[in-house]
Structure formats: C-alpha cells, structure tokens
Amino acid sequence: MYAKCGKNRDARKVFDEMPVRNVVSWSGIIYGYAPLFKQALFERFEVNDSTFTSVVRVCGNTTLLGLGKQLHRLCLKLSFGSSSFVGNSLISATI
C-alpha cells in the first residue's frame, strides 16, 4: 500500500521488517521502484537488452501485468523485440 502511494521509504521499512515475504509483498516493493526505470528512460539512460530482460522478468507476476505490457510495447518501439534475451524473458513472463 505504501509503494502505491509513492512512499517507498515506508514501504521498504515495512518490507524489511516482514518475518515472511510472499509474492504479494515482493510484487508490491518492486512496483514501488518501477518508476525508477521510467525516470532512467526519461533522463535518457541508455538501456540495453539486459536492462529490459531484468525489468520484464519482475513483471511476470500477474499483479504487474499492466507494467509488463507497457514494457513489451516499449521493447518493440526501441527495437529490442528482436533480442533473444528480451524475447525469452517476455515469453517467460507470458506477457
């Protein structure tokens, strides 16, 4: 909940204090940090197929499916669709 409200510090504190983490807690914390990737793109950070592979893999969870679909379109737009690494991660994520 904290991450969805943009309170990543609070989200991270709660996450770190969790005695047991599950797919929901991991997805929540990853979702909170997803804007960093967007910021990196906005600041013209030069991404490569490895960057997209890493980000797409975390979107394989259904709670991040919307973000994964956006990344898929971005991969195609930036011509990373032909990368076997990106392609394999998209297939694995079933996006």
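**Exercise 1. How much surface does the protein chain expose, and what share of it do carbon and sulfur atoms supply?**

Solution. The protein chain exposes about 6,800 Å², and 57% of this comes from carbon and sulfur atoms. Accessible areas follow the Shrake-Rupley method with a 1.4 Å probe. Keep in mind that this is a predicted model, in which local features need pLDDT of at least 70 and side-chain atom pairs count only at pLDDT 80 or more, while totals for chains, interfaces and linings use all residues. Residues are numbered from 1 along each chain as its sequence is written, and side-chain values use heavy atoms, without hydrogens and water.

Next, take burial: 31% of the 95 residues are buried (under 20% relative accessible area, with a 1.4 Å probe, protein chains only).

**Exercise 2. Which pattern does the protein chain follow along the sequence?**

Solution. Start with the count: 5 helices and 0 strands (DSSP runs, helices being H or I with at least four residues and strands E with at least two). Read in order, they give α-α-α-α-α.

**Exercise 3. Describe how H1 and H2 pack.**

Solution. First, find helix H1 at residues 8-17 and helix H2 at residues 23-42. Their angle is about 155°, and their axes lie 10 Å apart. H1 and H2 are therefore roughly antiparallel (angles over 145 degrees, on a scale from 0 to 180 between N-to-C directions).

Last, look at the contact (heavy atoms within 4.5 Å). H1 brings Asn8, Ala11, Arg12 and Phe15, and H2 brings Ser25, Trp26, Ile29, Gly32 and Tyr33.

Definitions and conventions: Angles under 35 degrees count as roughly parallel, over 145 as roughly antiparallel, 65 to 115 as roughly perpendicular and the rest as oblique. Buried means under 20% relative accessible area, exposed over 50%, partly exposed in between (1.4 Å probe, protein chains only).
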